[in-house]
Structures are given as C-alpha cells and as structure tokens.
Amino acid sequence: MSQNLTYIPEPELVKGNHTFGSITRLVGDIVETPAPKWWYIAFAISNALLGLLLAMIAYLFYEGTGIWGLNNPVGWGWAIVNFVWWVGIGHAGTLISAILFLFRQGWRTAINRFAEAMTIFAVMCALIFPGIHVGRIWVIYWVFPLPNQMQMWPNFNSPLLWDVFAVGTYFTVSLLFWYVGLVPDFATLRDRVKSKWGKIAYGVAALGWTGGNRQWQNYEKSYMILAGIATPLVLSVHTIVSFDFAVSIVPGWHTTIFPPYFVAGAVFSGFAMVMTLMLITRKLYGLQDIMTINHIEKMNIIILVTGNIVGFAYIMEFFIAWYGGVEYEKAAFINRAMGPYAWAYWIMFLCNVISPQFFWSKRMRTSIVASFILSIVVNIGMWFERFVITVTSLAQDFLPSSWGYYSPTYVDVLTYVGTFGLFFTFFLLFLRFLPMIAIAEVKMVLPQANPHNYDEDGNEFKKIAEK
Amino acid sequence: MSKQQQQTYWRSLNELAKNDEYRKFVDREFPENASELKDGYSRRNFLQIMGASIALAGFAACRKPVQKIVPQTTMPEYSVAGKPLFYATSMPFLGYTTGLLVETNAGRPTKIEGNVEHPSSLGSTNLYQQATILDMYDPDRSRGVKYNGESKSFDEFITTANDSLNAGSNVVFITEANSSLTLNRFKREALAKYPTATWVTYEPFGEENQLLGSQIAFGRKLRVAPDLSQAKVIISLDADFMGTGADNVRNIKSYTKGRKITSTNDEINRLYVAEANYSLTGSNADHRLRIKSSDIKPFVYALAGRLASDLNGLSAFSGYSNAFSQHEWISVLAEEILNNRGTSILMAGADHDADTHAVVAAINVAAENSGKTVKYLELPHTDEANQHDLLKKVVSDMSAGSVDAVIMLGTNPVFTAPVDLNFADALSKVPFSVHLANHFDETSKVSKWHINRAHFLEYWGDGYDFNGVPSVIQPMIQPLFGGKSEIEVLGAIVKGRPINAMDEVRESISPVMGGNTSAQWRTLLHDGLLKGFTFRDASVSLSGGFGSHISASLSNVSVAGDQIELTVKPGATLFDGRFTNNGWLMELPDPITKITWDAVALMSPTTAEALGIRSRKFGDYMYDVVSIESNGRTIEMPSWVLPGHADNAVTITTGFGRNEIGRVADGVGFNAWQVVTTENPLFNRTVSVSKTGQRYEIATTQDHHSMEGRPFVREASIAEYREDPHFAGHMVHVPGPIDDDGQPISLFNEQTFPDHQPQWGMAIDLTSCIGCGVCTIACQAENNIPVIGKREVRRGREMHWIRTDRYFSGDVNGSPQIVHQPIPCMQCELAPCEQVCPVAATTHSEDGLNQMTYNRCIGTRYCANNCPFKVRRFNFFNYPVEYLTKGDDPEVIQMAMNPEVSIRFRGVMEKCTYCVQRISRAKIESKIKTDSRKPADGAVVTACQQACPADAITFGDIRDKNSIVSRTKANERNYLLLEELNIRPRTSYLAKIRNPHEKLV
C-alpha cells in the first residue's frame, strides 16, 4: 500500500521564486513610484462619478424623496436595493480575512487586504442609502439611542434600528481589523519611502512598529481576537439586513429562509466583486505571481457553492409558498415569476443560478476571461435579486386595489451610478497609497518562512527550491 | 343677525389687524413674490438654486420657513380662540338649495356639513357641497369688475347700466336655474321694467326635460320629486340619482334607508338600472341592463306597451311593441310594477327627452306611485316656455343684432351651450353684455362687462330646497375678493343703485314667514330653514293631450342598430365644468373608473376590441387616443375600456378642457361640449369613432380591477344571507393557537386598553355604501390633505386618507357587477406599522388609536410598506405649498385649512386618525362636564361618517356594548379584513347584501 502513496506538495501560494525582498519591492514599489497614466484617467472618471453622486444627493436634499420613482405601495426602491447590494458585496472582505484566517487558509493572504478594502468602501457606499432615503434627512440622528430631555428612545422592535447597529458595528470592526493588519506594512513603507510627508504619514500610521518579537506576539493575538469578533459579524450583518424584510408581514418578505439565504447571497456577490477587481488589478500591476490562477480557482469554487445555495433558496421559497398554503404568499411568488416583473426575476435566475454552473468545469474555473465575465454577471444577478425581493413584493401585496407598478427615475439610476464613483475613488486611492497586498502575511506563506526548512521527506528546503 | 355682527366676519387675522402689508396684498392682484417667480433668474431664485448646493453643508435649507403671526388684540363676540362656530346656510345648485351647516374658525369658514334639521340633507352632503368651500378660497377667482379687460368698480358698472338700458331695450337675461325668492322677485321687476326683455333659464343638465315631460303628461310643468324611502322596487332608466342627478343627498338617504338590513327578517328594496355608461347608480344596482342611451326611449315605450293592458291610462300604448318587447327585462319589470303598486318608482335620466319623461310619469301615475314614491310638485317660479327653444331663439336674435343687452348671471354659455349656436359670435354682436362669473372665463372674455361673482358662503340669499322648504343663505365671511351675488347684480340693474342684500332677502322671505320680527329672522338664520313649508304636491292625472301626443310619437321611436353611439354625461366630479378649478374634485378619483385629472372616452371591451384599442399591461399608463366625429365635429380623447358599458357606444364626460381659468382647470382633459349640438344634445346615434394611433398618459388611483378571488368585499344575495347569516365570517380561517383573551397569540407585548378610556372603533356597512367618494372629500377638507396634481397621482402618490376601492366581478365582456369598499386606516390593535418604525413615530394610544406623530417621523416609509391595507400616505414633496398655492398666493389657501389639524411637511408619513381632533374636542368637553373621558355615544362623529349620505359608517366606543357601533358590529355580517394576520383591525365591515330577482339570476 505504502508505495502507492506519494506526497503531493501543496501548490505554491506564491509563484516565481520570490524572496522576502522581492515581495516587498513588488508591493512597495507600487506605492513608492509615480502612478501610471491609467490611474489618473481612472481616478478622474471616478471623481466625476463621485461628483455626480454628490449632485444627486444635493438635489435629493433640496427637493425630497419625490424625485425618486417611489410610490404608494412601493415605499422602498432602488435606494434599498442598492443598500442591500453594497452591503452584500461588503461581505467578502471580512469573510476572507476573518473566517479563512481562522480556518488557516494560507491562500487568503494574497487577497485579504484587497478584499477588506473593498469591504470597507462597499459598506461606505451602502451606508449612504439608509442615510439619504429617509424623508427628513436632517433628523436622521433620531435613529440613534441618544439621551434627550424628552426621553424619546428609538423603537427597539424595529429591524431598521437593528440595521443601524449591525451595519455600524460591522463597519467599525472591519475598519479596525483592516487597520491592525496594515500596521506592519505601514512600518515597511515608512522605512522605504523617500518623501518627507510619506515618512511622517506612514510613520504615524505604523504606530511605532519596529517588528520586535514582543510586538509580533501582541499583533498576532489581537489579529486573532479581531478575527474571532469579525466572524460572527459576517453572519450577523446580512442576517439582520434580511430581517428588514423577514420581520415585516409583506408576502414575499415574510420568510424565515431569508437569513441564511441572504448571507449566502452576500458571500456570493462579495466573492464575485473581489474577483472582478482582482483580475483587473493583478494584470495592471503585474501581480500574477501572488494572485495566482490557484486563487482564482478557489474563489470560483466558493462562487459555485454559494451560487447553488442561493439557487436552492429560490426554489425552496416557491416550495414553502406552496406548502405553507398562505394565499397571499403563493400569489406573491407566482407574480414574481410570471407577473409584471417576471423579466427581473428571470434575469436574476439566469445570472445567479444558471451562470455559476459553468464553474463545474475546471477549464472555466481556471479561465481568466470566463471568471471575469461570470463575476460581473453574478453581481448583476445579485442586484436583481434585491430588486425582485424589495420591489415585486411591495408592488403587489394584499389589496389588489393598491397594486402599483414601480419604475425608477433618472435620479435613482444616476445615484446608483454615482456610488461607483465613491467606491472607485476610494479604491484607487487605496491602490495608490496603501500596500494592496499584505506584505508581511504573504511572506509568512513563502517556503522560506517555514521554520523547519525541510519538507515532509526530509529534503532540505534549498533542494525544493532548486527543483 | 344684525349689521353690527356682520362686522365680525373678516378675511384673515391680518385684516383684523388692518396693517399696511395686508392692504398691499388686497390691492395687488398677485402677492409680491408672484412676479419674481416668473423671472428666469431673479436674485431670490438664484439663492434658491444656490441653496441646493449649500444644503449639503448644512441642512438648514430644508427646514420650514419661519412665518409671522399676528396677535388678536380685540376679541370678536362669541369667538373663543380654538373653538369653532357653526352657522346654518344652504347651497344653491341646479335650481334648488340644500341645507348646510358651516364650521367657521376665527371667522373663516373651514368645513361644510349637512344641516341635520334640514330635510334636504339630514346632516349629510354630496361631493359638490363638501368640496365647494375650496371654490371660495380659489386663488384664481376673478378679483374685480372688468370692462373690456380693464378694471372698473361696481359703481361704474351701475352707472353704465343705468345709462345703457331703458324701457325699450331688448334685454336678454340668461341665468342658471335659481330658486331664490329675492332673485325671482327682481326678475319680475326686471321684466316689468324692460317689457321686451326675455328671460332664459339655461341649465345644461337641469330638469327642463322633466318639466316638459310633465307638461305633456299633466298639462303643466311640475317638478318630479322622488321619495325612495317608500319604494320597494326602484327602476332607474339612465337616471343617476345617486351621482350627478338632482337632490342626490336626499335620494341616497332615502334609498339606503330602504336598504338597511339588521337581521335576516328584514326586507330591502330592489334596484334595477338600465343605462349605457356604468354610472354610480348602476354600480349599486341589483340588476343592471346595458343598453344604449338612445334605446332608453324605446325601452320605456316597450314597457308601457306591456303594461297597457294591465294598467289604466296607458291606452295610447295598447298593442304597441318594438324590438324590446320580448326582452326578459320588460316582463320582469312589468311584473314588479304590477306587484308593487304604490311602492315602485320609475325614474328616467334628466337628459332624456320630454316624451320619455311623459311616459315615465304616465306609468308612475298608472301604477299608483304618484303621491307616494314620486311627487309632482308645483313650483312657484317656473318659466312656461320651452327653455331649449327659447335659448335658440335668443341666440339667433343676438346674431341678428336685434338684442341690445345680454345679462348673464352665473352661467357660462360660451362653454356649455350647444356649439352649433355659436354663442360666442352671437354675444360679440350685442352692444351691452354683462357676465357675472367666478372666474374670468370663456363667456367673460367675450362679454363687455365682467363682474366677479361672490361664492354662496359670502353673500345673502335664499331659495327653496328640492321639495320646497324655504332656506336662507347667510354669509360666513365678507366676500374675499369683493364679489357680487346674482341678487346684488340684478337688484342693482333693476333699482339703478346698489342694494342691501340682507334687507332684500328679509323682505322676500317675510311673506312666506308670515311676519318679519327679529325673533323670526333670528330663528330662520339659526335653523337655516322655515319649518313646515313645502311645495304643493299636485294631485295629478293624465291630461287629455297625452294620449294623442304619444300616439303621434310612436312611429318615430326606433331601436338603435349596430352603429356606434355617443353619449355625453356630466362629469362625476366636475359636473358641467363649474367645479373644474376645484383641486379636491379634480383629484377625486371618478367613482367608477378611478381616473383623476382627465376625461376619457368610455367604451365596452367588445367595442374597444372592434376599434383595435390595444390591451394594456399592468404598469402601462399610455392609452390609445380615439377620434370621435359627431355632426361634423371631431373630438380626440384617450379611450378607456370600461367593463359593463353598453356595446357599440361611447360615453364622454363634461367639465374638462378649459383654459385660462386657473391652476387646476387649465389644460386638463378634453372638452366634451364641443360635440354637443342642439340637434343631438346629449346623445347621438350616428357618430364615427376611430383610433388615431396616438397615445395619452392617464393617472388613475387603481390600476388593478379584480379582487383576485381574495375575500375583501364579501357579498351574498339576501336568500344566501338568510340561509347562512354568518357567511362573511366563514370565508377565512384564522390559524394558530388562541390566547386567554380569545384572540390568537401574538409575539409582541399587547397594548393595554384601560377601562377609563373609550375604545374607538368603526364599522362600514357595504350594503349601504354606494361608493360616491364624498367621504374622501370630507376627509380632505377636515384633515388638510393636499392636492398633488396629475403627475404625482400618475406616479401612484395619491394622498387621500380614505379611499374607495372598486372591484369588478363577473364576466368582463358581459355585465360585470361592481363593489365599492371604503378603506380608511383600520387602527389595528397589533399594528404592523408600529412595530417597524425605528423612531417610534407611530404608536398606540390608550383609547385604541394608531397615532401618527408627525414631529417625530423621519420618513423611512417602512410603516407604509408594512401596512397591509396601504392606507399610509407619504409627503414625497412639500405638497401643501406645491399645487394649490404655487407660492404665489399662499394666504388664501391657508385660510381654507382646518386650524385643528397640522399641515404635514415634506418627508412625513400621514394617515387617517379617526379624526383625532374631533375625538379630543369631545373628550375635553366630556371631561369638563362629566369628569369622564368617555363622551356620550354619538358625540364623536368622524368627517367621513358625517358626510356619508348613505349612513354606511358608524363610529364610537366598542367597549360600550350599547353604543351604535357595538350593536352594528354585533351584526352577523360583521367581518374583519385580513383577520388571519392577527393584526386586529378596529374598523370592520358588514358584508354586502344584494336583492336579486330570481328570474334574472
């Protein structure tokens, strides 16, 4: 028996015989050398879109929510759809950094920094919407439990209030987690940059990191603790977002399947978004050695798995609507698939359930082009999923007399487009000024970092390296 | 009421203070900001635009503007700040008055109610009465006397009139139908002063045809006054007595009185309707026959032919038959009439010709109904001549240049007169023409003189109600824009000097009153009517000429073929156009089509298919435009497929298509009057209709017309009800375990309702509700609900707190039935809206109200999403200032507002409160008087309940087992909407009972 067993070494996480130094140079140089021309073009476009967003918000504040396409049955439209969509995207970062960290998935190091940044910016985009969609923006702070002489408290029964806490906590913890991970890399940059301001800025951010043994010990502990805190948040935040719908009595919203289904959907869309961004970035910055085809394949497998969970949920919703025997729920689901919004439903179904099935094939999983296209398709599908849930349920609920069709106005559309400006403005700044790959963490998964310096057969590390 | 007391009416607090700013406001036609609005970029405007960008930096720009108030330093008599005063008055309309009670707050009339003491209203109102208060505050009303467009004073007008008119002048007076004692006294004086003068009463939807019909039948003009409370069988031949027909409040009241059902032993009346258009009355029929308007006449003749052998007096019809004679309806109706002698009534629509009305009268007399279910009343002021013919003659005289002066009091013939008369051309040939009108309208533009008319809430007047009860019209306020009433204008012309209207009214009414003491006068003003007086019920018999007249007409009666026919009907909400600039009425959904802000060409699905009208999908608001050609005149209008409309027929409604009238009226809809000719006044058998290929956007408040088999309106025939009285409750199953209190268990803490508080609840009887929509207008007036305009309604943002849902049932291509269901906030005890509000802006009160705290609301709209009845309304824009005030004249509209209800700003959710301001007022009064927070049963009346002429709504304390609402809810027909959700609505419904005839089922 034993002669049949051969040791298959783990695929190398970093390709191209990199040394510690070369990794530092590869990532650090991006920050230290002048930005390429495309960066300026992309940044200008993003800024223009950000300006568009601000203009739309200013118009909204001046005129009121009437400039959106909302109506009487449909009190929530694109704003809430966009909110849920961006929050969903914001799931991948923390999942990759926290949950995969706890599971000791070494491959996460190539993309975690990147994904966490995306998370934070996506959550920022998401947070805009609940903030601006209310009728009286100037008293939005009433949702916070602020002590006041009237003893007016928010209503703790309301899922919207839970939302405030859930998304707020998630954003805070994600930001902290991201920052803690950045500290050693800030120190690396501080030691490398030439400019005075750069030294000061990175120096302050590095919090006096010297790379001492004691610091590493504390760092690793705190990172582990934060990962532990962040892990339940990954599950809780979208669970609570789903409560906005599930706790209501609207047929099509009032569904117990929502929490797991929303979390799976969020991971699904988050990974797709990371994929889209990663494929562009690794090409533009020449990071194929670190973000390898193996990474892409692993992520595609997660997309396939979560896509199937989502597909299962879609079908299960229909089953329960029928099995539960509630007339209104049954009608809501029939309307989804065959009613006036059937086009949206079938776009969603095609994008989210059918398209990931291509990833059963290894060729597709490892194809850059296929991964790129499907990652975008998945995010289109996930946007439509939120649209279908939010709008179709409201448009046709209990009393047929009140049914009404919802269509967005140009302001709805441009506001959504504008959030991409916000997202990419921050994302491009991140690419420019922060190490987009966790330098210290990638070094830890290099073969050189293996303290034993031997493989399982007792061969010296050098020999493996020579092979 | 003495002259000194008159001083206590003032137009606004500012006027009381008599400050310079107010004088400037009165003098200027537009307030100061108005002119600046028109500039492209004025300084103000620029700052507003800048505000948009600054808004990002600080939200101060979004807050309400600061407004100054003026303290009341001298207190008028009787006026207690915060306490409304009620005065009796009456509203003149179509030649009769309806008794009203007007609520005034700080000298401003704010709400119109029916006068409980007055038999014409018995405390209820119709749409026009309820909404007309907004007409008074219409900022677009004409604000002064004009001569050829130039401002003049009323005194200058009197001088000119004195100079221009002499005893030999050929004067033509054209007026609306008017029952005023004073006006008719002046009329006699005018005809004496100008012996060659002609007096025309022109009312396009008036009762002239009925009067002429009675002239044929009985030899003199008599008013046809139904008394439906006595009727067991009501047969309406295109008579929309609940909707646009005359005296509809009384008719609805008496109809629903015969429809009240409290137990299985009760008998209810039966309503048959034959008509082309689906009218409000038709929608309440037990049986409805779709026939063309022009077939009503042959239908009546066929019925008379069938009855001729069994009833005396119809011998002219013996042996007569036509295509309808074999119709099953004829035999059923004949049987009903014969079996219910003295308790049936036949009614025909006012637009049908005199012959039809004569035959209807003959059948009613033959069936022994006259004096019982229908009375023929002797009117004190009737014009003997045929007014249709008189108008034609007068207009041709005007065209010929033989008329020296035309004096038009309140009518608008340029707009409403048959087009082939070319009234405008004729009028322009008259040297001295005077038009008294609310707006500087179509006729005013062609007249030499325009006098701005006072609203009836601003002037002294009098009149008879439909049955002849003398009523007084007393002003609630000084004329806002110095307008004149028709009495004042005619009086000034007759007497050559301004008159004192109050003195004249007092003089006119004193002979009827039998004295003129101030005690009598005060009682009259207080009550609003003279009790014990009515028109004399003429004991009628068929005149000798009837038989020969009818025999001659028999051969002219034919049944329509397959060609398309056009019917013109008064608009359900705008009538003939006099209410077009009333935002409330304009925005009130048509009771049947639920269209707002538009006129459409109604047709049946079969006809629409034949014309190639595209069938629409849900969410598509574009409608095919059709071109209708009638008598060489063409009108293009959007089509509307109305199930239940007669096939091969198109109905259009009047009131729309006006221009340069005001902010509401301008450019809305299409003018149906342009196809009305003298030859075919209100229906035309030969028209051609074709699709133009264009499309037109229509705003409707209900886009889905089927109940989808869901049990919202529960109905049964009276036989089914007797078999299973609890049928309504049995239609749904409430799942889940039951708690100790007998209710299904709830996840949330249940609200406690302490015993010292009343527990408010409402019951709506769907058997009574006729779906007229007056509850919506009453609610709008009481609760300061804004008008939002067509664009916003089209986007589905209507603001009405109580709406009436209308569903069709049955065969869409055949004769579907209609059910109406008013939906206010249900005040759920376990309200889903309350659970989801993040800031607790909507909470429950101890007396069971689902309260909405506007000041706390941040506008997440989550409550509206979670409301299963979709009764919550959101202020997407700053609606209160947007449509009616347009920023140019906010003060006038502000005066119309109820001071007890706050105006909601942009971004706030609002909804029905069960009229919490009325509840609080009653509770405070009760607390002061009896130290109990529980007002006596009936002390709190909600606005919708008060206005409802069908008495469908009951309201009160449901803990009090003896209250009217508790007893109503104890009825076995009582059911809750969506009971299975365990939200425990406080508003419940009583299932609808129909009374079909077994042969027609």
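**Exercises on the contact between chains A and B**

In this predicted model, the contact takes 54 residues from chain B and 49 residues from chain A.

**Exercise 1.** Determine which helices of chain B each supply at least two residues of the side that touches chain A, and how that side is made up by class.

*Solution.* Begin with the helices: α5 (43-57), α28 (832-836) and α29 (862-866) of chain B each supply at least two residues of the side that touches chain A. Next, look for the largest share of this side, which comes from α5(B) and amounts to five residues. Finally, sort the side of chain B by class, which gives 26 nonpolar, 15 polar and 13 charged residues.

**Exercise 2.** Locate Pro838(B), decide whether Pro838(B) is buried or exposed, and list the residues with which it is in contact, leaving aside its neighbours within four places in sequence.

*Solution.* First, place the residue: Pro838(B) is found in the loop of chain B between α28 and β32 (842-844). Second, apply the cut-off, by which a residue is buried if 20 or more other C-beta atoms lie within 10 Å of its own; Pro838(B) counts as buried because it has 25 C-beta neighbours inside 10 Å. Third, with the neighbours within four places in sequence left aside, Pro838(B) is in contact with Val143(A), Pro154(A), Asn155(A), Ser158(A), Leu160(A) and Leu161(A) from chain A, and with Thr860(B) from chain B.

**Exercise 3.** Find how far apart the C-alpha centres of domain 1 and domain 4 of chain B lie.

*Solution.* Take the bounds first: domain 1 of chain B comprises 145-205 + 383-461 + 476-499, while domain 4 comprises 715-994. The C-alpha centres of these two domains of chain B lie 46 Å apart.

Notes. Residues are numbered from 1 along each chain as its sequence is written. Chains are lettered from A and ligands numbered from 1 in the order in which they are written. This is a predicted model: local features need pLDDT of at least 70, side-chain atom pairs count only at pLDDT 80 or more; totals for chains, interfaces and linings use all residues. Domain bounds come from an automatic or database domain assignment. Two residues are in contact if their C-beta atoms, placed from the backbone, lie within 7 Å. Helices (H or I, at least four residues) and strands (E, at least two) are DSSP runs, numbered from the N terminus. Ala, Val, Leu, Ile, Met, Phe, Trp, Tyr, Cys and Pro count as nonpolar, Asp, Glu, Lys and Arg as charged, and the others, Gly among them, as polar. A residue is buried if 20 or more other C-beta atoms lie within 10 Å of its own, exposed if 12 or fewer, and partly exposed in between; C-beta atoms are placed from the backbone.
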